[in-house]
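Let's take a friendly walk through a structure, one chain and one contact at a time. Please keep the 3D view open while you read.

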Amino acid sequence: MVSLSDYLILSSIIFCIGLAGIFINRTNIITLLMCVELILVAVNTNFIAFSHFLGNEAGQIFVFFILTVAAAEVAIGLAILTLLFRVRGSIDVDVTNSLKG
Amino acid sequence: MSSEQIIFYILSFWFIASSLAMIFARNAAKAVLFLVLSFFSAASIWILLEAEFLAITLILVYVGAVMVLFLFVIKMLNIDKSTLRAKFAGYLPLGLIVALIIIAEMTLVLGGAQFGLEVIPSPARHGADYSNITVLAMQLYTTYVYPFELAAVLLLIAIIAAITLVHKKESTHKKQNVSEQVNVRAKDRVRLVTITSPSKEKK
């Protein structure tokens, strides 16, 4: 049988892969958004594992809302990205330093 | 090793492998495709955890809509050939060190001594008459009905915000200026000219 700790360790590994992806792909905003999606899926796996093993459906309800918020976040993030590309002509993070003092 | 464990380890392998391929992909479009595989493995693991509705939602909403939106933006912005990995080598060791430390710490905390089968036994599988959708819907439409409505409002706000952000202001649509229309006078629109007929001039 697969224990709860297997699922938790799997989701922590996925979480850290997403975190390392943010470090590695620091100059590419679109890959940063994808890494955030990966982190959210890892967290959702955590919720569903606890929901299954504790016999409580509230965790799955929470995952439902996390999916909703993540979809909204992706839509607005990609809209900002499109706007940034239209204004700056590039989506490199190093170009977007106009707020730098 | 039971068949459930074999399935879990196969799915976990593909989940981790495709996630690693995603963060190391040089091409943004390939990264999206690896992320699709990773989401698919995640949905399979969720089905293993008897969360069928959320697994199907993940595939339909994420793989079907959000990832296609990512691909659409990547192709529209035409950035898949640009130099995206300028500082790759500079941040790779730091990222790997941080990730490995976090994995080690979490493995210590979440190991078998704390969350193993002896502490939390695996629950019995539900029968064929169990419906995950019915259980979720009962919770969602009774206890969590206000958060459910708020989520709908949040999606509406996201739609309006996204459209407002990328909408071009003046060039794409015509609109009427009401004050100019009210203030217009007859002499602005109608010009009376007196035309003398050439035939009468000859007489």
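When two helices are compared, angles under 35 degrees count as roughly parallel, over 145 as roughly antiparallel, 65 to 115 as roughly perpendicular, and the rest as oblique. Those angles run from 0 to 180 degrees between N-to-C directions, with axes being lines fitted to C-alpha atoms, for helices over the stretch in contact. Helices themselves (H or I, at least four residues) and strands (E, at least two) are DSSP runs numbered from the N terminus.

This is a predicted model, where local features need pLDDT of at least 70, side-chain atom pairs count only at pLDDT 80 or more, and totals for chains, interfaces and linings use all residues. Residues are numbered from 1 along each chain as its sequence is written, while chains are lettered from A and ligands numbered from 1 in the order in which they are written.

**Chain B as a whole**

Chain B has 10 helices and 0 strands. Its radius of gyration (taken over C-alpha atoms) is 31 Å, well over the 17 Å that the globule rule gives for 203 residues, so chain B is more spread out than a compact globule. That rule is 2.2 Å times the number of residues to the power 0.38. Along the principal axes, the C-alpha atoms of chain B fill a box of roughly 120 × 50 × 25 Å. Of the 203 residues, 19% count as buried, meaning that 20 or more other C-beta atoms, placed from the backbone, lie within 10 Å of a residue's own.

**A pair of helices**

How do α2(B) and α3(B) run relative to each other? Their axes come within 9 Å and cross at roughly 175 degrees, and the two helices are therefore roughly antiparallel. Residues making the contact (C-beta atoms within 7 Å) include Phe39(B) of α2(B) and Tyr62(B) of α3(B).

**Where the chains meet**

In total, 72 residues of chain B are in contact with 58 residues of chain A. On the chain B side, α4(B) gives the most, with 12 residues.

The table sorts two contacts by class; Ala, Val, Leu, Ile, Met, Phe, Trp, Tyr, Cys and Pro count as nonpolar, Asp, Glu, Lys and Arg as charged, and the others, Gly among them, as polar.

| Contact | Nonpolar | Polar | Charged |
|---|---|---|---|
| Side of chain B that touches chain A | 55 residues | 14 residues | 3 residues |
| α2(B) with α3(B) | 21 residues | no residues | 1 residue |

Conventions:
Contact = placed C-beta atoms within 7 Å. Buried ≥ 20, exposed ≤ 12 C-beta atoms within 10 Å, placed from the backbone.
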